[in-house]
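Welcome, and pull up a chair. Here is a friendly walk through some helices, some salt bridges and one residue in the interior.

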Amino acid sequence: MIASHLLAYYFTELHHDKVQQVDKYLYHLRLSDENLMDVSVRFRREMDKGLGRDSNPTAAVKMLPTFVRSTPDGTEKGDFLALDLGGTNFRVLLVKVSDNGKQKVEMENQIYAIPEELMRGSGSELFDHIAECLANFLEKLGIKNQKLPLGFTFSFPCQQTKLDESILVSWTKGFKSHGVEGRDVVSLLRKAIKKRGDFDIDIVAVINDTVGTMMTCGYDDHHCEIGLIVGTGTNACYMEEMRHLELVEGDEGRMCVNMEWGAFGDDGAMDDLRTDFDREIDAGSLNPGKQLFARRLHKMVRRLVPDCDVRFLRSEDGSGKGAAMVTAVAYRLATQHAERQRILDTLRLSREQLLEVKRRMGEEINRGLAKESHDQATVKMLPTYVRSTPDGTEHGDFLALDLGGTNFRVLLVRVRGGKRRSVEMHNKIYAIPQEAMQGTGEELFDHIVHCIADFLEYMGMKGASLPLGFTFSFPCHQNKLDQGILLKWTKGFKATGCEGEDVVCLLKDAIQRREEFDLDVVAVVNDTVGTMMTCGYEDPLCEVGLIVGTGTNACYMEEMQNVELVEGDEGRMCVNMEWGAFGDHGELDDFSTEFDRAVDDCATNPGKQRYEKMISGMYLGEIVRNVLLEFTAKGLLFRGKLSERLKTRGIFETKFLSQIESDRLALRQVRSILQHLGLTSSTCDDSILVKEVCSVVARRAAQLCGAGLAAVVDKIRQNRNLSELKITVGVDGTLYKLHPHFSSIMHETVRDLAPQCEVTFLQSEDGSGKGAALITAVACRIRDAGQR
Ligand code: 0WK
Ligand code: BGC
């Protein structure tokens with residue numbers, strides 16, 4: 001068209017040897033690099049307007065979300081139908097995709113005409129015709145009785161709200177069928193097919209031809225993330241970051257955007273570059289000559305964006321294959337999603353299941369407290385001989401040890417009583433080497449005494465002899481406050497010669513072996529008891545201690561008449577529940593999964609601490625790693641590629657769960673954690689899935705912990721025959737403190753399962769060492785009072 005106008009004009013003028021004049025006309029059609037760079041800048045501005053929620057309605061380039069979020073990964077398989085409407089030819093295709101890794105796609109297609117009168121007639125006639133062509137195609141291939149999935153390439157501007165729903169915004173390229181604009185073209189096609197009733201198909205996706213082209217080329221080249229059509233019409237699409245796509249919820253991953261760039265300039269943005277010819281063409285609506293174009297296009301793009309290595313891949317198979325690929329990917333994603341959810345559902349607990357966990361914990365509490373059933377009980381309900389809380393008269397300097405958590409601490413705690421009552425603390429953290437944790441008991445306790453000596457030196461108190469409170473965070477049977485018979489190691493400790501021994505004696509023996517100082521070991525307490533006491537110093541309503549850290553456990557003030565292992569019915573005594581062992585006799589088997597069993601099988605104490613292994617920091621990372629292994633082995637993650645690192649036990653530390661679930665962490669940071677784990681080929685989608693696995697595993701842990709605590713506070717309420725109980729729980733532990741959602745989910749679960757208890761959670765800032773020192777101070781006060 002342009003050429004015919006020009007040529008006519010040229011010959012008229014030629015007579016007048018006014019070649020220059022022709023150049024004058026052509027001049028306006030020649031764009032300098034500056035012009036083109038300027039167009040590029042204006043274009044980018046229009047793209048950002050189209051992406052913005054507020055500016056989109058007035059943007060010329062609409063940047064339409066397509067809900068295509070993934071490209072083929074080579075595991076797609078099956079037979080897929082495709083329709084390709086909007087280009088020069090209307091095609092119906094059958095695409096056979098096989099996942100034999102050879103990326104092989106067989107295609108059969110048939111071109112059908114779209115008569116002019118249908119392009120300009122009624123929409124229902126147009127879609128009846130399309131359904132007719134489809135029926136004819138299925139008939140020919142003898143597959144009319146199969147309900148195959150179909151991808152519909154519909155190459156006109158459409159507003160999409162999901163992959164299989166598309167509202168036509170406006171016809172282009174000479175189409176004008178009425179009763180279609182503003183309607184969902186998928187429903188129109190489904191209606192036309194239904195009207196026939198002689199075959200049925202499953203329309204899975206409707207896409208723009210640019211998207212189909214990107215997918216067609218993307219099947220052979222995974223770097224293909226842009227689709228370009230320069231044909232009857234022109235348009236482009238590309239994979240945009242979700243966080244820039246304000247018209248769609250979510251910030252994670254990418255989505256293909258159909259730019260509908262044909263409308264660029266409709267708001268006058270190109271008026272200064274448009275020539276009379278453009279205006280004439282526009283007035284007449286004609287558009288030939290798309291080829292020279294390719295070489296010029298490639299050259300121009302490379303000149304305008306020299307720092308982008310742009311490769312152009314001609315689509316040989318048309319966008320129909322792409323539509324089938326989108327359908328195949330949608331099918332794969334749907335199948336994979338269903339399989340992932342089936343697996344994750346085994347880690348999701350219903351309210352009924354959580355109520356059952358609470359009920360069973362309640363049963364075990366009573367069995368642990370009762371003399372006749374204590375030995376068989378899994379939750380040992382160990383008496384601690386801590387019966388009273390500080391009364392504010394305590395005073396003096398006390399040493400405290402805090403062993404069993406992430407860090408081993410030695411503390412000096414200065415307690416002042418009376419009106420100016422206060423607690424001042426100095427502490428130093430020491431490492432417990434693996435070889436000490438898993439060597440001999442002598443080596444372990446010699447190491448502990450070595451640290452005490454270092455601390456006393458560090459505090460300038462060499463040789464001082466102070467009362468000491470020993471937080472020893474393992475299950476111990478106690479017959480008095482300053483004795484603790486270790487029942488079994490947990491949390492990866494297994495130093496020999498300790499189980500069945502009194503750890504106070506082991507400490508005293510080590511102090512004697514060193515012959516450098518002497519200490520008065522007044523109390524040995526569990527970290528839950530120390531935590532309860534530390535928080536009780538601030539809040540007298542604090543009668544429960546909870547640890548959710550490397551391990552997990554709880555204690556609370558039980559009525560003496562219920563502590564049948566200890567003589568006396570007056571008052572209360574703190575009971576160390578050792579609830580980590582709940583489930584060791586199968587109480588949790590119907591909630592336990594193959595992943596829990598895998599973690600337990602590889603632990604230093606298989607079959608033990610089952611409840612702890614479903615909740616605490618030492619194990620959550622391993623549960624996640626085992627789920628990721630299963631997903632990868634099933635091709636549901638990391639494209640099925642198992643990395644050696646992912647097979648390494650302990651590689652997925654629980655701290656990663658907290659980091660990955662942190663709302664502040666963008667997906668790319670999740671990816672960097674995965675890369676750190678050697679999962680270099682992970683995609684955005686993989687990161688989204690890893691985040692989902694982390695959240696499901698952490699949620700279950702928090703709910704299980706909440707169900708256990710609900711049993712404890714309800715027990716206390718029933719003990720006191722109260723319809724309403726107001727109580728505070730002192731909490732410590734890295735998982736509780738650092739995980740972004742654990743505490744809130746646990747609080748919610750307690751509120752839901754123990755509605756008659758108003759529970760306040762008080763996070764311990766000073767650790768249980770302070771509590772151990774306070775217990776020591778109380779014991780000294782009572783002892784001194786007794787000696788007077
Ligand atoms: C800090 C307490 C300590 C306890 C630890 C548990 O002072 O007694 O053992 O919390 O948390 P973890 O360090 O195992 O995360
Ligand atoms: C131990 C408990 C301790 C808890 C939290 C468990 O493994 O058995 O004694 O309170 O970890 O540290």
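The notes below are grouped by topic. Please keep in mind that this is a predicted model. A search of the whole structure turns up 61 salt bridges, and a few of them are described here alongside two helix stories and a look at T776.

**Helix α21 against helix α22**

- Helix α21 covers residues 667-676 and helix α22 covers residues 684-719; the two pack at an angle of about 85°, and their axes lie 9 Å apart.
- An angle from 65 to 115 degrees counts as roughly perpendicular, so α21 is roughly perpendicular to α22.
- On the α21 side, L667, V670, R671 and L674 make the contact, and they meet C684, S687, I688 and V690 of α22.
- By character, the residues of this contact divide into six nonpolar, one polar and one charged.

**Helix α11 and what covers it**

- Helix α11 runs over residues 351-369, which gives it 19 residues.
- From its first C-alpha to its last, α11 reaches 27 Å, close to the 27 Å expected at 1.5 Å a residue.
- The buried residues of α11 are L354, V357, K358, R360, M361, G362, E364, I365, G368 and L369.
- In general, an α-helix has 3.6 residues a turn, so residues three or four places apart point the same way.
- Which elements cover the buried residues of α11? The cover includes the helices α12 (371-374), α18 (610-615), α22 and α24 (742-753), together with β21 (552-559) and β22 (572-576).

**Salt bridge between D79 and K96**

- D79 forms a salt bridge with K96, and their closest N and O atoms are 2.8 Å apart.
- The pair links distant parts of the chain, since D79 sits in strand β2 (residues 78-85) and K96 in strand β3 (residues 90-98), 17 residues apart.
- D79 has a relative accessible area of 27% and is partly exposed, and K96, at 29% relative accessibility, also counts as partly exposed.

**Salt bridges of E241**

- E241 meets R243 in a salt bridge, at 3.7 Å from N to O.
- E241 also meets R254 in a salt bridge, here at 2.6 Å from N to O.
- R254 lies in strand β11 (residues 254-258) and E241 in strand β10 (residues 234-241), so this pair ties together parts that are 13 residues apart in sequence.
- Is E241 buried or exposed? At 19% relative accessibility, E241 counts as buried, because the cut-off for buried is under 20%.
- Both arginine partners count as partly exposed: R243 at 42% relative accessibility and R254 at 28%.

**A salt-bridge network**

- Salt bridges that share partners join E132, E139, K144, R196 and D198 into one network.

**T776 in helix α25**

- T776 is found in helix α25, which spans residues 767-787.
- With a relative accessible area of 0%, T776 is buried.
- Which residues does T776 touch, not counting those up to four places away in sequence? They are F398, P467, L468, G469, V522 and A523.
- T776 and L399 are 377 residues apart in sequence, while their C-alpha atoms are 9.0 Å apart in space.

Notes: Residues are numbered from 1 along each chain as its sequence is written. Chains are lettered from A and ligands numbered from 1 in the order in which they are written. This is a predicted model: local features need pLDDT of at least 70, side-chain atom pairs count only at pLDDT 80 or more; totals for chains, interfaces and linings use all residues. Side-chain values use heavy atoms; hydrogens and water are left out. Axes are lines fitted to C-alpha atoms, for helices over the stretch in contact, and angles run from 0 to 180 degrees between N-to-C directions. Helices (H or I, at least four residues) and strands (E, at least two) are DSSP runs, numbered from the N terminus. Angles under 35 degrees count as roughly parallel, over 145 as roughly antiparallel, 65 to 115 as roughly perpendicular and the rest as oblique. Contact means heavy atoms within 4.5 Å. Ala, Val, Leu, Ile, Met, Phe, Trp, Tyr, Cys and Pro count as nonpolar, Asp, Glu, Lys and Arg as charged, and the others, Gly among them, as polar. The expected span of a helix is 1.5 Å times one less than its number of residues. Buried means under 20% relative accessible area, exposed over 50%, partly exposed in between (1.4 Å probe, protein chains only). A salt bridge is a side-chain nitrogen of Lys or Arg within 4 Å of a carboxyl oxygen of Asp or Glu.
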